[in-house]
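Me: I'd like to learn how to read a structure file at my desk. Could you walk me through it, one feature at a time?

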Amino acid sequence: MARDLDFFVSYAGPNLDWAQWVTWTLRQEGYTAELDDWDWEAGANAVARMSQALQRARRMVALFSPAYFEPQRFTQDEWTAFQSMRQEKRLLPVLVENTPKEVVPTLLHPLVAVTLYGVPVEVARDRLVAAAAGKGTTPVTEPPFPGQAGGVQPASAPPPQAPAPSPRPSAAATPPKRSLSFSSTLPGSLVGSYPTGGPILASPVVAGDLVVVGSDDGLLHAVSRHDLTGVWKAAGDGRSHAAPAVARDLVLLGGDHGVAAFALESGVSVWSFKTVEPIRSTPLVRGGMVYAAGYDANVYARSLSDGAGTPVPKWRHKRPAASPAAPAYDLSSSPCISARRLFVGSLAGRLSALDADTGKELWSEAIGQTVVSSPAVVNGTVYVGSEDCQVRALGTGTGQELWAFETGAPVHSSPALHKGVLYIGSNDSYVYALDAATGTRRWAFPTDRRVVSTPCVVGDTVYVGSHDGLLYALDATTGRRLWRFDTHGPVSSSPVVADGIVYVGSSSGRLYAVRA
């Protein structure tokens, strides 16, 4: 079934450039917007496509101009059909040319229109974004004093020249980088983006003034948080699917042959240690130690306390095979630690607890099928998802199952806990909020594709990505959608929030900064 539209853009042919600019701007703000010139394929039945779009759209953006109301145009059919539909559908009038009131049908006179022509592009953008969000606009500078001599423009003066709309982007284009200081302040609005050379499946980390993220282009990218310009790039060890870890002045990254460390300030390689098989999980740094789980079923522990050289091996634990048919590539779940106990899941469907000082296995419990989800520990309970569609809670002392909640598909997302609530995604396309003590569902929010991104909870808001290409902000208590932002590609990356900005990677190959 086709997904509902936020907006359908209705325009007269002479205003195609404005229609393209409006559609582009709305899409960058996270809305779904349909434009016939871009979205209808050659040979399509225009009448049928129009009917479908009007049924799907929640709102119509009507680009008012003298041409829009010429009787020979289809625009009259569009807006009259839309106005006749159910009450919750709303028309958003946008003035793109000076349009005398007498040419506007009486039925439309009561509607408040937003004016985009005759103002700077930044003002036009903010007006459109505010109108799309159902808000008014307050000037960022004091308006001229009306009583000052020369402060009132004569009625006969011509209006300022309308700015030329931004050129139509190509189908494969992505939004340009923008300085953080000139972007919209509305929640969910684009602050800027940074392009890499491949899909970003890994999650970014914020370290001081930098955002660091790995990409499938084989590089580790460090980007300035202030203007999203690249600071340095370092060649990783193969494609990066897991987040890097930051320890002191180092960035640690798993790769095809082990773990490598780079200087946080410059990206210069500092050290690396080899493993038998790839490290596809995020290294864990705690108490002067680095722990890494590998595809060779080994958990590695090395000490970082012996200077800047290669970490000293402390112990290595190889998980015993559950059966002769157990997978050869075993550990892709990232470990977590609590009370000197290290917890890690395996592709053989087990969750294990190890002594963090010695590597001794304390317990290992079968929890269904493959575990890709990384565990999280809070208050003596470890939480994890698995391939058998379950989210489970186990006691950290013995591994005894405390509760299990069944979703509709495998769970590859990892749990996030906040104020007694567990938030997690599922391949059934839902984001769930569960009572951490009982596993009772508090709410479930539907997206259009599977959710493998791990939620990030800040204050009363849950931020999470979906393979439908959208970054969502949800009310943590009710699950109500606050806003969404289109990244133009599936989102496996887990968002991170710093100073009111959400950073997230996308399979489109870009790191996005979005206003929280």
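Me: Let's start with disulfides: how many does the structure hold?

Reply: To call a disulfide, we look for two cysteine sulfur atoms within 2.5 Å of each other. This is a predicted model, and in it the count of disulfides is zero.

Me: Then where do the cysteines sit? Is Cys-336 buried or exposed?

Reply: The idea is to compare relative accessible area with a cut-off: under 20% is buried. Cys-336 has 12%, so it counts as buried. Cys-389 has a relative accessible area of 17%, so it is buried too.

Me: And for the whole chain, what share of residues is buried?

Reply: Of the 516 residues in the protein chain, 54% are buried. The chain exposes about 22,500 Å², and carbon and sulfur atoms supply 52% of that area.

Me: How many helices and strands should I look for?

Reply: You will find five helices and 37 strands in the protein chain. For the wiring between them, look at contacts between residues at least 6 apart in sequence: 49% of these join residues at least 24 apart.

Me: Now pockets, please. What is the volume of the largest pocket?

Reply: Its volume is about 1,600 Å³. The lining has 47 residues, and those nearest the centre are Ser-203, Thr-282, Ser-334, Ser-374 and Thr-454.

Me: Which strands contribute to that lining?

Reply: At least two lining residues come from each of strand 7 (205–207), strand 11 (245–247), strand 15 (284–286), strand 19 (336–338), strand 27 (416–418) and strand 35 (496–498). Strand 15 gives the most, with three residues.

Me: What is the chemical character of the lining of the largest pocket?

Reply: Sort its residues by type and you get 30 nonpolar, 13 polar and four charged.

Me: Last topic: backbone angles. What sign does phi have in most residues other than glycine?

Reply: Most of them have a negative phi, so a positive value is worth a look. Lys-419 is not a glycine, yet its phi is positive, about 55°. Lys-419 lies in the loop between strand 27 and strand 28 (421–425). With a relative accessible area of 67%, over the 50% cut-off, Lys-419 is exposed.

Me: And where is Ser-429?

Reply: Ser-429 lies in the loop between strand 28 and strand 29 (430–435). Phi of Ser-429 is also positive, near 85°. Ser-429 has 12% relative accessibility, so it counts as buried, whereas Lys-419 is exposed.

Note on methods:
Residues are numbered from 1 along each chain as its sequence is written. This is a predicted model: local features need pLDDT of at least 70, side-chain atom pairs count only at pLDDT 80 or more; totals for chains, interfaces and linings use all residues. Side-chain values use heavy atoms; hydrogens and water are left out. On a 1 Å grid over the protein atoms alone, a cavity is a set of points where a 1.4 Å probe fits but cannot get out, and a pocket is an open set with protein on both sides within 12 Å along at least five of seven lines; lining residues have an atom within 4 Å of a point. Grid points are joined across faces, edges and corners, and a volume is the space filled by probe spheres set on the points. Helices (H or I, at least four residues) and strands (E, at least two) are DSSP runs, numbered from the N terminus. Ala, Val, Leu, Ile, Met, Phe, Trp, Tyr, Cys and Pro count as nonpolar, Asp, Glu, Lys and Arg as charged, and the others, Gly among them, as polar. Buried means under 20% relative accessible area, exposed over 50%, partly exposed in between (1.4 Å probe, protein chains only). Contact means heavy atoms within 4.5 Å. Accessible areas come from the Shrake-Rupley method with a 1.4 Å probe; for residues, only the protein chains shown count as cover.
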